[in-house]
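Dear colleague,

I am passing on the structure we spoke about, which is placed just below. My notes on what was found follow after it.

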There are 2 protein chains.
Amino acid sequence: MGAKRERADAARNRAKILTAAGEIVAARGVEALAMADVATAAGVGVGTLYRRFGDRSGLAYALIDEREREFQAAFIEGPPPLGPGAPGLTRIRAFLHALVDRTTAQLDLLVMAETATPLARFGAAYDLYHSHLTMLIAQVDPDADAFCLADALLAPLAAPLLAHRLRAGEVTADRIKSALDGLLAGFKA
Amino acid sequence: MGAKRERADAARNRAKILTAAGEIVAARGVEALAMADVATAAGVGVGTLYRRFGDRSGLAYALIDEREREFQAAFIEGPPPLGPGAPGLTRIRAFLHALVDRTTAQLDLLVMAETATPLARFGAAYDLYHSHLTMLIAQVDPDADAFCLADALLAPLAAPLLAHRLRAGEVTADRIKSALDGLLAGFKA
DNA sequence: CGATTAAGCGGAATTGATTCCGATTAATCG
DNA sequence: CGATTAATCGGAATCAATTCCGCTTAATCG
């Protein structure tokens, strides 16, 4: 794991870059986070930025890193109900709730860390699928939060995630369908 | 709805572009779909490409459009169980299964239509969250497909989707948490 | 048909991310 | 401390997407 310890100038530059990037985000938002600007503000060349952080989303991730570490530590080794000690279902619920909070707290940076470029449309399609499902769910169970459930069923089927799983050979289309059936089983319960 | 009908030369160019783009994708894959190349192959200027399709992901979407229309027609007005006529839960299941198939059939283009640029990492974070959840779920219910369920719970919380929903004011963080609780309720059922 | 005009056109220019590489310099070693 | 070497640097060059804008031309109208 441990690389040979960063050279002194490298560490100094890393700090300067992170500071400059943080200030730009604070002042003008993530869209304004241009690599060339960060380099200039930090007083280093763009090459330095890339050697240190890989790419734009890597820089975003670095800006998030501290809170991310805290969050990870909390659910891996922190106190219950997030950490070990509480019963499984309780921990699952606690984790999901905490993730919602953690995500909304740094929404812009997290979007950038995941997508690099602004990210295109949510498929003209997604919205159509979503309203179709919302309608069907409302019909099956008038008491459910059809809108949110529709997202819960749809999001796992987004092309990028499916591509990730299928290409890695981690799952098959049939297995995904079975899992969906399992979810649906607990529906109008 | 209907704009004033496309000019003859415009329609001709649209066809030439779509043909050229389709050939490039067939021959060298979506990564090779560079706007300048498509323009050259189609014998038009890049400006024409952009006026006609908006941007790169718009072009991808156009390449997909035909099958997409068929799919949409099938679940909106086609025969049951996909279309109207079958009971709600049956239609939901049929829709989700069909969506999995429809997505896997044109995976690359759909990814491109959704993300424009290659798409960055799945958050170094996503994988960690996923294995954490997988473990907890397996512990709660040894018979469940923990791996897939973990995706089902996690994907709806991806930053881009949350950002979309929260910014539009369509939901609140608390409502999302409640919906998650609802899903969990049907778990070890 | 000739005038009129808005839609459409091409491709140079711009923008921003990412890559390259010769010049530096921190860290190591004798 | 001075030599040696590998890690860093800086910033010019490259690459692709997207924007701009002056020129064309299909469609419309008298």
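To begin with the contact between the chains, about 7,700 Å² is buried between chain B and chain A, and carbon and sulfur atoms give 72% of that area. Please keep in mind throughout that this is a predicted model. In terms of residues, 84 of chain B are in contact with 85 of chain A. Across this interface there are 16 residue pairs in polar contact, both partners being at pLDDT 80 or more. On the side of chain B that touches chain A, at least two residues come from each of α4 (56-77), α5 (88-105), α6 (107-115), α7 (124-140), α8 (146-154), α9 (159-167) and α10 (173-185). The residues on that side of chain B divide into 52 nonpolar, 14 polar and 18 charged.

The charged pairs deserve a closer reading. The structure holds 22 salt bridges over all chains, and the count between chain B and chain A is 10. One of the pairs joins D108(A) to R167(B), with N to O at 2.4 Å, and this pair crosses from helix α6 of chain A to helix α9 of chain B. D108(A) counts as partly exposed at 35% relative accessibility, whereas R167(B), at 55%, counts as exposed. The side chains of R167(A) and D108(B) also meet in a salt bridge, again with 2.4 Å from N to O.

A further pair between the chains is formed by R165(A) and D151(B), whose closest N and O atoms are 2.7 Å apart; here the link runs from helix α9 (residues 159-167) of chain A to helix α8 of chain B. Both partners count as buried, because the cut-off for that class is under 20% relative accessible area, and R165(A) has 4% while D151(B) has 7%.

Within chain A, the side chains of D65(A) and R69(A) form a salt bridge at 2.9 Å, N to O. These two residues lie in helix α4 of chain A and are four residues apart, about one turn of the helix; R69(A) is exposed, with a relative accessible area of 55%. In addition, a network of salt bridges links E6(A), R14(A) and R52(A).

Turning to the interior, the largest nonpolar core has 126 residues, of which I92(A), F95(A) and F95(B) touch the most other members. Helix α5 (residues 88-105) of chain A gives the most to this core, with eight residues. If the neighbours within four places in sequence are left aside, I92(A) is in contact with L133(B), L136(B), I137(B), V140(B), L153(B) and L184(B).

Helix α6 (residues 107-115) of chain A is largely enclosed by the rest of the structure, because seven of its nine residues are buried. Those buried residues are L107(A), L109(A), L110(A), V111(A), M112(A), A113(A) and T115(A). Their cover includes α1 (8-28), α4 (56-77) and α5 of chain A, together with α9 of chain B.

Finally, there is a point of backbone geometry to note when you prepare the model. The peptide bond between P80(A) and P81(A) is cis, with omega about 5 degrees, and P81(A) is found in the loop between α4 and α5 of chain A. In chain B, a cis peptide bond runs from P80(B) to P81(B), with omega near 5 degrees, and P81(B) lies in the loop between α4 and α5 of that chain.

With best regards

Definitions and conventions. Residues are numbered from 1 along each chain as its sequence is written. Chains are lettered from A and ligands numbered from 1 in the order in which they are written. This is a predicted model: local features need pLDDT of at least 70, side-chain atom pairs count only at pLDDT 80 or more; totals for chains, interfaces and linings use all residues. Side-chain values use heavy atoms; hydrogens and water are left out. Contact means heavy atoms within 4.5 Å. Buried area is the accessible area (1.4 Å probe) that two parts lose on being put together, summed over both. A salt bridge is a side-chain nitrogen of Lys or Arg within 4 Å of a carboxyl oxygen of Asp or Glu. A polar contact is a pair of N or O atoms within 3.5 Å; within protein, one must be able to donate a hydrogen and the other to accept it, and residues adjacent in sequence count only if both atoms are side-chain atoms. Ala, Val, Leu, Ile, Met, Phe, Trp, Tyr, Cys and Pro count as nonpolar, Asp, Glu, Lys and Arg as charged, and the others, Gly among them, as polar. A nonpolar core is a set of buried Ala, Val, Leu, Ile, Met, Phe, Trp, Tyr and Cys residues joined through side-chain atoms within 4.5 Å. Buried means under 20% relative accessible area, exposed over 50%, partly exposed in between (1.4 Å probe, protein chains only).
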